[in-house]
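Biologist: I'm new to this one, so could you walk me through it? I'd like to hear the reasoning behind each label.

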Amino acid sequence: MQCHRFILIFAMLAKQRKPITSAQQTESAATAQFAAEIPDSKTRALRRMKAIAFLALFVSLVLLVVSHLMGRQGVWGWIGAFSEAAAVGALADWFAVTALFRHPLGLPITHTAIIPRNQKRIAHTLAQFIQDKFLDKNMLMQRITAYNPAQKLGQMLSNLGYVRKITSQLQTWAISSLETMDVVIVERQIYIMLQRQFKNWDSTSAFEQLFELLKSDQSQQSVLDTVLKKIASKIASDEARIMFSEKMIATAREKYPNMIWLTDKLEYTDNIADTLVSHMTQSLLDEVQKVLLDPQHPLRMHYASEVQHFLYQVLHDPITRIKIKQQKKSMADHPALQFFTHTMVRILRDWVSSDLKKDDSQLATRLMLYVSVLGDRLQNNVTWQRTINQYIQTISWYAIDHMRKIVPGHIVTTMQSWDSEYLVNEIERNVGRDLQFIRINGTIIGGIVGVIFYAIVQFLG
């Protein structure tokens, strides 16, 4: 129990105390004086118990003097025996308790002021004790395994109120981070990353995969069919017809203004354009339909030949491969990539920020859903628990090993940097109250033993 109490004291001291430098001496002295003037609850409790222990000694001495003055006859003999032994016990225990922290009455008696005189040894002993007992790897791993942290985490994540609270805190943090984010730096980093990806992109490997995909004639024709159907769909749309008609009229007015002047007067220009576009569109659709229905259509044969020729050049022609590399570099250095990065980052940031500020945020709702599913699986799925626990145990193993290397040195360095008076005062302030009970008990037990001895002497006499 005393060891655990001492370790608790050290943890508190390590948090509160730093090595004293010459620049901090004035401030430390002022702080110490202020702390002495306004004692905390532990200091007040220590002073109160010291007063009680001293009062017990004082009462014993008073009773001893009174019994001596009364001749130590009758009942005063018993009181004298009690008070004499009680005073001896109180003085002996006062000496023992005081000797832990300082020299009794300021006298440099051997084997007193034990704590300040052995500060270095105490630091090393405490460090070794914590390393061997509290940071024992096998013991801690057994406790982690028995605790089943994955299941406990699952129980936490299955608590809807807890998840909602954490999500709300994450929303606040994310909104604040987005508002203070240096967008220019983010854009620059993403732009550099995209440039690097373009330049390092293995186009040869990609084209080899494409070659394998299009190696069969059926795959090539499937791609062609898909493209032709998309083209036919676009050509047949009303938007395309109107666009073609407007383009045709604009071109005709530019190239053949005299002829269009006449048709404008007759109000036939739009009708002529619509009719021509309709016939042209239908002709194109008919031609596309022929290609789709005829597996041996010349266009298909030409397309297959061109695809094979292109892939062969990409994979085997040095000039073509050089051109592809140049195109990659040109794409990586093109201003459009930087503009794309700039636009993408700002649109994404604005959308995320706007969504997170809503009460029905999609991102927050999704996060809560995923967290709830994860919590349910960790709580009820043994396979998930085993997997997560293995990761936790692996991380803990290396973390404990690292702590065993740095914690002892930190304890020794920290404790040795404290001045002895501060160390003594803090230890006494935290455990001194309990030590005063030793003085009180020594007074009482000493008195009882004195009465017993007096009774034995009276019986034998």
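Biologist: Which residues touch the most other members in the largest nonpolar core?

Modeller: Keep in mind that this is a predicted model. The largest nonpolar core has 18 residues, and Phe101, Ile115, Ile411, Met415, Leu423 and Ile427 touch the most other members. Helix 4 (75–101), helix 6 (119–134), helix 20 (382–417) and helix 21 (420–460) each supply at least two residues of this core. Helix 21 gives the largest share, 6 residues.

Biologist: What makes it a nonpolar core?

Modeller: Its members have to be buried residues of nonpolar kinds, joined through side-chain atoms within 4.5 Å. Phe101 and Met415 belong to the core, so they count as buried, which takes under 20% relative accessible area. As background, nonpolar side chains in soluble globular proteins tend to be buried together.

Biologist: Which residues are among those of the other core?

Modeller: Ile235, Val291, Val307 and Leu311 are among its 10 residues, and this core lies apart from the largest one.

Biologist: Why are Phe54 and Phe58 called stacked?

Modeller: Their planes are 25° apart, and under 30 degrees counts as stacked. Their centres are 6.5 Å apart, and the limit for a pair is within 6.5 Å. Both sit in helix 3 (residues 41–69), and because they are 4 residues apart there, about one helical turn separates them.

Biologist: How do you know whether Phe58 is buried or exposed?

Modeller: Its relative accessible area is 45%. Buried needs under 20% and exposed over 50%, so Phe58 is neither and counts as partly exposed.

Biologist: And what makes the pair of Trp78 and Tyr454 edge-to-face?

Modeller: The angle between the planes is 75°, and over 60 counts as edge-to-face. The ring centres are 4.9 Å apart, so the pair meets the 6.5 Å limit too. This pair links distant parts of the chain, with Trp78 in helix 4 and Tyr454 in helix 21, 376 residues apart. Trp78 comes out at 37% relative accessibility, so Trp78 is called partly exposed.

Biologist: How many aromatic pairs does the structure hold?

Modeller: There are 4 aromatic pairs.

Biologist: Why do you say Lys152 lies over the face of Tyr147?

Modeller: Lys152 is at 4.9 Å from the ring centre of Tyr147, and the cut-off is within 6 Å, along with an angle within 35 degrees of the ring normal. Lys152 is listed as lying over the face, so both conditions are met.

Biologist: Last one: how many helices and strands are in the chain?

Modeller: The chain has 21 helices and 0 strands, and 30% of its 461 residues count as buried.

Methods
Residues numbered from 1 in each chain as written. Predicted model: local features only at pLDDT ≥ 70, side-chain atom pairs only at ≥ 80, totals over all residues. Heavy atoms only, no water. Buried < 20%, exposed > 50% of the residue type's maximum accessible area, 1.4 Å probe, protein only. Phe/Tyr/Trp six-rings, centres within 6.5 Å; stacked < 30°, edge-to-face > 60°.
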